[in-house]
Structure formats: C-alpha cells, structure tokens
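Me: I've got this one open on my screen and I'd like a close look at a single part: the pockets. Could you walk me through them, and then add a few words on the salt bridges?

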Amino acid sequence: MDDAIATFILDQMADALIFATVDGKIAGWNGASTALFGFEKGEAIGESLDLIIPPHLRNAHWAGFVSAVKAGQLKLNGRPTLTRATHKTGRRLYVEMSFALVRSSDCVVGSVAVARDATERVERERAKAAR
C-alpha cells in the first residue's frame with residue numbers, strides 16, 4: 001500500500017490514531033486526533049506526548065512508556081484502558097485507549113495509540129451511580 005492510500009485510510013478512521021517515536025515525540029496524527037484533542041496536525045507533529053497528557057499523570061505515563069520501549073512489551077498487551085487526557089482548550093477528557101509498540105526488524109521504533117472519547121459515557125455512569 002502506498003503512503004498516500006495509508007494516509008487517506010488513517011484520516012478516515014473514526015478513532016484518534018497517534019504515533020510517537022521512542023523519545024515520546026508525536027510523529028503521526030490523524031484527523032480524528034484533531035477532533036478529539038483540538039490540536040491541528042501541524043501543531044502536534046514534533047511535540048511531546050505531554051501535549052495531551054494531564055500534568056498529574058505525566059510521571060506515571062513516562063515510567064510506563066520507557067519501561068515498555070526498553071522491555072519491548074506492553075503491560076496491557078493491547079487491551080484498552082480508560083485514562084485522562086487534555087484538550088487544547090485545557091478541558092479534561094476521559095479517553096479509552098489501546099496501545100501497541102511499533103517495531104522495525106530488530107528494535108522498537110515507537111508506539112501507536114488508538115483513542116476514543118469516553119467523557120460523556122463516564123460522566124453519565126458517575127451521575128447514575130451518585131443517584
């Protein structure tokens with residue numbers, strides 16, 4: 001598949017897709033990522049993943065990220081997890097994310113995440129539980 005077709009497919013996805021290099025810099029960002037997090041592709045590419053990670057979660061994120069890259073294995077093995085993220089406006093989001101390591105023939109070259117907004121669902125469930 002050529003790069004133009006791959007880009008077209010990724011931009012048609014309903015879920016956000018983010019690729020980060022092993023140093024945590026954003027190198028891939030589709031249209032759904034812009035819709036979810038508010039940053040245009042040009043604003044996100046080359047930036048640290050801290051762009052969308054709330055400050056109070058950064059230490060835990062980076063510890064897990066570095067560990068996964070070094071070990072070549074993810075703790076969740078691709079299972080989705082619910083976490084917090086930050087929108088460009090500063091609004092806090094709940095996002096359901098799944099992760100995978102991206103490998104070349106002999107090493108990990110980055111990580112890819114697929115994310116979808118779960119804010120409305122989580123808030124509805126919390127309101128229901130509070131009744």
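Reply: Here is a tour of the pockets, followed by the salt bridges. Keep in mind that this is a predicted model.

Let's start with the largest pocket, which holds about 790 Å³ of space. Its lining is made up of 31 residues. If you want to find the middle of it on your screen, look for His61, Gly64, Phe65, Thr81 and Phe99, the lining residues that lie nearest the centre. Two or more lining residues come from each of β1 (16-21), α4 (58-71), β3 (81-86), β4 (92-103) and β5 (108-117). Of these, helix α4 gives the most, with 7 residues. As for chemistry, the lining of this pocket splits into 19 nonpolar, 9 polar and 3 charged residues.

Now for the second largest pocket, where the space comes to about 170 Å³. You can pick out its whole lining by hand: Asp3, Ala6, Thr7, Leu10, Asp11, Leu17, Gly28, Trp29, Asn30 and Lys41. Helix α1 (3-12) and strand β2 (26-29) each supply at least two of those residues, and α1 gives the most, with 5. By class, this lining has 4 nonpolar, 3 polar and 3 charged residues.

On to the salt bridges. Side chains of opposite charge can pair when their charged atoms come close. The count here is 6 salt bridges, and helix α5 (residues 119-130) is a good place to look. There, the side chains of arginine 124 and glutamate 120 meet, with 3.5 Å from N to O. The two residues are 4 apart in the helix, about one turn. Arginine 124 is partly exposed, at 48% relative accessible area, while glutamate 120 counts as exposed at 61%, since the cut-off for exposed is over 50%.

Arginine 121 makes a salt bridge with glutamate 125, and the closest N and O atoms are 3.6 Å apart. This pair also sits 4 residues apart in α5, so about one helical turn separates the partners. Arginine 121 is partly exposed at 31%, and glutamate 125 is partly exposed at 47%. Add Glu96 and you have a network: Glu96, Arg121 and Glu125 are linked by salt bridges.

One more pair brings us back to α4, which spans 58-71. Arginine 58 forms a salt bridge with aspartate 50, the closest N and O atoms being 3.7 Å apart. Aspartate 50 is partly exposed because its relative accessibility is 23%, and arginine 58 is partly exposed too, at 27%.

Note on methods
Residues numbered from 1 in each chain as written. Predicted model: local features only at pLDDT ≥ 70, side-chain atom pairs only at ≥ 80, totals over all residues. Heavy atoms only, no water. 1 Å grid on protein atoms, 1.4 Å probe; cavity = no way out; pocket = protein on both sides within 12 Å on 5 of 7 lines; lining within 4 Å. Points joined across faces, edges and corners; volume = space filled by probe spheres on them. Nonpolar A, V, L, I, M, F, W, Y, C, P; charged D, E, K, R; others polar. Salt bridge = Lys/Arg side-chain N within 4 Å of Asp/Glu carboxyl O. Buried < 20%, exposed > 50% of the residue type's maximum accessible area, 1.4 Å probe, protein only.
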